[in-house]
Structure formats: C-alpha cells, structure tokens
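Here are a few notes to go with the model you are about to open. Please read them with the structure beside you and take the points in order.

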Amino acid sequence: TGAHLNRDDIDGVRNGARLEPRVIAKAPEGQGCPRCGGYVYAAEQMLARGRQWHKECFKCGNCSKGLDSILCCEGPDKNIYCKACYAKKFGPKGYGYGQGGGALQSDCYENGDLAPKVADIDVGKIQARPGEGCPRCGGVVFAAELVLSKGREWHRKCFKCRDCTKTLDSIIACDGPDKEVYCKTCYGKKWGPHGYGFACGSSFLQTDGMTEEQISSQRPFVCPDTTSIKAPEGEGCPRCGGAVFAAEQQLSKGRMWHKKCYNCTECHRPLDSMLACDGPDKDIYCKACYGKRFGPKGFGYGHAPTLVSTSGESTIHFPEGKPLTGPRSSGGCPRCGYAVFAAEQMISKSRIWHKRCFHCAECRKSLDSTNLNDGPDGDIYCRACYGRNFGPKGVGFGLGAGTLTMT
C-alpha cells in the first residue's frame with residue numbers, strides 16, 4: 001500500500017529519502033572546526049579570525065543564519081554572527097542608533113539611571129602653547145577635527161570666513177594676507193581689485209568711496225608694464241624692445257612679440273595667427289593694410305575698395321576687356337586673335353577662346369558648356385539667338401514663339 005513510505009519517524013529519513021549518518025573525524029583540540037571540532041578539508045573550508053570552519057557550520061551563533069565573507073561579523077567571544085545579531089549583542093545602545101532599527105533602540109538598562117554620563121567637551125578650552133594651536137581660538141587641534149590651510153591646523157568648527165562666518169572647505173577658502181581665511185566673496189571685497197567694472201560690474205567690487213591712495217596702500221604694488229624690462233639688443237619684442245615672458249609671447253617669423261604689441265602697425269588692430277601678415281619691412285600688418293601697402297594696385301583687385309588705385313591715375317588698361325598689345329596668330333582666340341593662355345582658355349568645337357571673349361556673338365551674353373551653340377558661320381551663340389538665326393521657321397515652332405512665326 002506504500003504506507004511505509006509516508007513514515008517520517010524513521011531515523012535517517014527526510015522527505016522520503018534515507019540519509020546515511022555522517023561521521024566527522026574529530027581533530028585535536030584547537031585545530032578543527034570551532035563549532036563541531038571536526039577536521040576541515042580544503043573543499044569545504046571557510047575562514048574567519050584565522051580559523052577554519054566547515055561551510056555548513058559557518059553560520060550565525062545566535063540565529064543560525066548562513067554567512068559569507070560579507071555578512072560575517074566576528075564577536076569578542078570568539079564566535080561569528082550575522083550583522084543584526086552582532087549589533088544586538090555588541091553594538092552601541094540607545095535611541096536612534098542604526099537609523100531607528102529596533103535592535104539598536106533604547107535599552108532600559110543602558111540608558112537608564114545606571115548608564116554612564118558623557119559630557120560634551122569643548123576642545124577650544126584646551127589651550128595650546130603659543131603659535132601651535134588653532135589660529136582662531138588657540139585651542140589644541142586633535143586629529144578627528146583637523147583642517148589644514150597654508151600648513152596651519154584649524155578646528156573644523158573654527159574654519160569659517162572671518163567676515164561672514166560662512167563655513168569653508170578647500171574649494172572656497174581663500175587665505176588673506178592678514179593670515180586669516182575668507183570666502184571668495186569677502187576676499188574679493190577686502191583684497192580684490194577695486195573700481196568700476198571689475199567682476200562684470202558687480203557692486204561688491206566697486207570703489208565703495210575709497211580714494212586711489214587708500215586702495216593702493218592696502219594691496220601690494222605690481223608693475224603691469226613688462227615693456228619697462230628691456231631685453232638685450234635684438235632679443236626682445238620687435239615693437240617695444242622689452243623682454244617677452246612665456247605667459248604673454250606671440251610668435252611671428254621666429255620672433256617673439258608681447259601680446260599687447262602684436263597688432264597692426266598702421267591701424268593697430270589686434271592680430272592673431274589668422275589675420276597677421278609679415279611685411280617686407282619686418283613689421284606686421286592686418287590683411288587689409290597689407291593689401292593697401294604691398295598688394296597689387298588697380299581697379300578690381302581683391303574685389304575690395306581698399307585695393308583700388310591710390311596714385312590718382314587711371315589703371316583701366318582694358319576698357320573693353322580685350323588686350324591692345326601682344327602677338328596675334330591664326331591659332332589664337334577666334335574673337336580677338338590674341339594668344340590664349342591655359343589659365344583663361346575656354347574650348348568650343350576644338351577651338352580655344354579667351355574666357356572674356358566666350359560670349360554670344362549677337363546679344364553678348366556670357367556662355368558656358370550648358371548654353372553654348374556653335375553656329376555654321378564659325379561663331380558661337382546662346383540658345384535663343386541660335387534658334388532665331390539658324391533654327392526652323394514656321395507657325396508652331398517654338399510653341400508660338402514670335403521669333404519662329406511664318407516669314
């Protein structure tokens with residue numbers, strides 16, 4: 001009937017399967033598994049506190065929860081626990097520990113009348129020797145509250161702006177010349193540049209009614225004019241002769257210029273590597289001034305009015321766009337007869353034309369390969385003029401165009 005298979009009261013039977021009893025060989029005292037005392041082999045060992053445990057014995061000593069290297073907490077009683085049981089047994093007691101977890105809330109004994117009283121100690125009252133303590137309060141600075149600034153040790157609670165008492169960190173702290181610390185705003189007010197327009201016109205950096213003598217007396221003098229530092233002959237800036245330092249140098253033809261001297265010698269426009277033109281007089285110009293001074297002269301050069309004639313004489317040598325001098329030949333341009341060079345040639349029916357001569361013989365419209373028509377008279381025409389002179393005549397040709405009606 002199978003009734004014998006449903007009996008769970010038989011020793012060694014679990015879920016209908018008989019398990020053979022496991023016999024673990026006992027190890028010498030202090031060498032085996034701390035929980036069962038048996039030998040631990042390499043295939044099943046777990047390490048904790050430098051001791052070897054069986055994998056199945058490696059569980060919490062309180063709730064028997066299976067552990068791993070992340071959950072395991074080694075207790076002072078030489079046992080292992082999960083994190084929750086460890087906190088209950090050995091963790092701090094009191095309301096609010098562990099973000100209000102029940103295992104760490106107030107304990108009637110630990111926080112009752114018998115609980116030890118701990119007073120809040122003001123370390124600022126523990127004065128250090130002169131010149132060794134916190135610069136603000138003079139107290140001894142311990143490692144847990146240490147903040148460094150310019151090699152001086154401050155209390156974390158004392159490390160704040162001298163003027164507005166804003167709490168500081170390494171990003172916004174500014175060391176002032178009076179050996180105090182400030183936030184960036186207060187440092188700018190007290191020690192930054194004064195005058196209208198500094199910091200994009202922000203009011204806290206304006207003059208505030210101070211005279212120039214008062215402003216200059218409160219901050220160190222810095223000579224901004226580096227051109228006053230003359231360099232040896234031929235080694236300095238070509239414009240002013242001053243020494244050129246790395247922070248302000250501009251290179252042009254292997255010579256170093258001051259950034260403020262690197263401008264056009266005529267119009268004084270500031271230059272860069274795209275606009276600068278080195279002139280034959282060893283000076284630098286913008287493109288427009290270089291074109292006026294050294295560029296080609298004549299109407300139409302550069303298509304810019306800055307390049308027209310500056311002498312007052314007419315430079316229009318070709319009023320009709322045709323040369324007046326030069327060798328004529330039978331192999332030249334069919335329209336003007338002069339030689340055609342490669343830079344200006346246009347080809348039609350194996351004949352070579354000047355680009356300026358390549359136009360319709362009747363209406364003088366400029367031609368290209370799309371509207372070119374070679375006439376039987378050896379000349380070239382646009383499509384309209386070719387149709388009018390050599391196209392078919394009669395009613396209807398050209399969809400009633402007047403040039404193609406009956407004659």
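**Notes for a first look**

1. A good place to begin is Ser 252, which lies in strand β11, the stretch covering residues 249-252. Please keep in mind throughout that this is a predicted model.

2. Is Ser 252 buried or exposed? With a relative accessibility of 4%, Ser 252 is buried, because buried means under 20% relative accessible area.

3. Which residues does Ser 252 touch, once its neighbours within four places in sequence are set aside? The contacts are Trp 257, Tyr 262, Asp 278 and Ile 284. With one of these, Asp 278, the side chain of Ser 252 also makes a polar contact of 2.6 Å.

4. Now for the cysteines. How many disulfides does the structure hold? The number is zero, and two cysteines help to show how that comes about.

5. Take Cys 60 to start with. The closest cysteine sulfur to its own belongs to Cys 63, at 3.6 Å. A disulfide needs the two sulfur atoms within 2.5 Å, so this pair is too far apart for a bond. Cys 60 is also buried, at 1% relative accessibility.

6. Cys 385 can be read in a similar way. Its sulfur has that of Cys 382 as the closest cysteine sulfur, 3.5 Å away, and this too is too far for a bond. Cys 385 has a relative accessible area of 4% and is buried.

7. Stepping back to the whole chain, you will find six helices and 18 strands. The chain has 407 residues, and 26% of them are buried. It exposes about 28,300 Å², with carbon and sulfur atoms supplying 54% of that area.

8. How do contacts run along the sequence? Taking contacts between residues at least 6 apart in sequence, 16% join residues at least 24 apart.

9. A word on confidence, as it affects how you read the picture. The average pLDDT of the chain is 76, and 69% of the residues score at least 70.

10. Where does pLDDT stay under 50? One such stretch is residues 99-115, for which the model has 21 contacts beyond four places in sequence. Another is residues 315-321, with six contacts beyond four places in sequence. Please bear the pLDDT under 50 in mind when you look at these two stretches.

How values were computed. Residues numbered from 1 in each chain as written. Predicted model: local features only at pLDDT ≥ 70, side-chain atom pairs only at ≥ 80, totals over all residues. Heavy atoms only, no water. Helix = DSSP H or I, 4+ residues; strand = E, 2+ residues; numbered from the N terminus. Buried < 20%, exposed > 50% of the residue type's maximum accessible area, 1.4 Å probe, protein only. Contact = heavy atoms within 4.5 Å. Areas by Shrake-Rupley, 256 points an atom, 1.4 Å probe, with all protein chains shown as cover. Polar contact = N/O pair within 3.5 Å; in protein donor to acceptor, adjacent residues only side chain to side chain. pLDDT = per-residue confidence, 0-100.
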